[in-house]
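Grab a pencil and have a look at the sequence and the 3D view. Try each task yourself before reading its solution.

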Amino acid sequence: MIDPAVTEEVRALERLDLEGLRAVWRERYGTPPTLRSTDLLARLLAWGIQSEAFGGLDAETRSTLFRMSLPVAAPSLAPGMRLERVWRGTTQTVEIVEGGFRWSGQTYRSLSQVAQAITGVKWNGPRFFGLRQDPAR
C-alpha cells in the first residue's frame with residue numbers, strides 16, 4: 001500500500017540541491033557519500049526512505065546481487081589455444097605459445113602488448129579478447 005507521507009518525503013528530495021540532500025543524508029544516516037551527483041544522491045536517499053517504510057530487498061534478490069558481485073575467474077590459457085577478436089572488420093587470431101602470445105608472426109609477452117599492436121593504443125589485453133568482463137557488468 002502506498003503511504004502518502006513516504007511519497008511526499010521522496011518528492012521533497014526533488015526540490016533540494018546537493019547540500020540540501022547531504023543535510024538530509026546526515027540527519028538520517030550520518031556522513032553522506034562523497035558524491036557530486038544530485039540525481040544519484042537523491043535516488044539513493046529515495047531508495048533508503050522507501051526501503052525503511054516498505055522493506056528492503058528480499059533475501060533471494062540480495063543473494064542474487066551478491067553472487068553477481070563476485071569476481072569471475074578468467075579461463076586458464078594453455079599453449080596451443082587460440083583467441084579470436086574481430087577488430088574493424090578483420091578477425092585477429094592469437095595463438096597461445098610457450099612463454100607468450102603469437103600474433104601476425106611475432107611473439108609477445110602479454111595479451112596487452114598484442115592488443116596494443118592490433119589497435120595502436122593501450123588496452124587491457126584480457127578485456128580486449130573477452131576474457132575479463134567489465135567491472136560494471
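Here are four exercises with worked solutions.

This is a predicted model, in which local features need pLDDT of at least 70, side-chain atom pairs count only at pLDDT 80 or more, and totals for chains, interfaces and linings use all residues. Residues are numbered from 1 along each chain as its sequence is written, and side-chain values use heavy atoms, with hydrogens and water left out.

**Exercise 1. Work out the strand order of the sheet and find its edges.**

Step 1: Pick out the strands (DSSP runs of E, at least two residues, numbered from the N terminus; helices are runs of H or I, at least four residues). There are 4 of them in an open sheet, ordered E1-E2-E3-E4, with antiparallel pairing. To count as a pair, two strands need at least two bridges found by DSSP.

Step 2: Look for strands with a single partner. Those are E1 (82-87) and E4 (106-108), so each has one side without a neighbour in the sheet.

Step 3: Check the twist, which averages 30° from one strand to the next. Angles here run from 0 to 180 degrees between N-to-C directions, using axes fitted to C-alpha atoms, for helices over the stretch in contact.

Step 4: Now add helix H5 (residues 111-119), which packs on the sheet and touches E1, E2, E3 and E4 (contact means heavy atoms within 4.5 Å). Its direction makes about 20° with that of E3.

**Exercise 2. Follow the two hairpins on either side of E3.**

Step 1: Start with E2 (residues 90-97) and E3 (residues 100-103), an antiparallel pair with 3 bridges. Val97 sits opposite Gly100 in E3.

Step 2: Between these strands come 2 residues, and Gly99 has a positive phi near 85°.

Step 3: Move on to E3 and E4, also antiparallel over 3 bridges. Here Phe101 has Tyr108 as its bridge partner in E4.

Step 4: This hairpin too has 2 residues between its strands, and Ser104 takes a positive phi near 55°.

**Exercise 3. Is Leu65 buried, partly exposed or exposed?**

Step 1: Locate Leu65 in helix H4 (residues 59-69).

Step 2: Apply the cut-offs: buried is under 20% relative accessible area, exposed over 50%, partly exposed in between (1.4 Å probe, protein chains only). Leu65 comes out at 45%, so it's partly exposed.

**Exercise 4. Which loop holds Ser76, and how far is Ser76 from Leu131?**

Step 1: Ser76 lies in the loop between H4 and E1, and it's exposed at 64% relative accessible area.

Step 2: Ser76 and Leu131 are 55 residues apart in sequence, with 9.6 Å between their C-alpha atoms.
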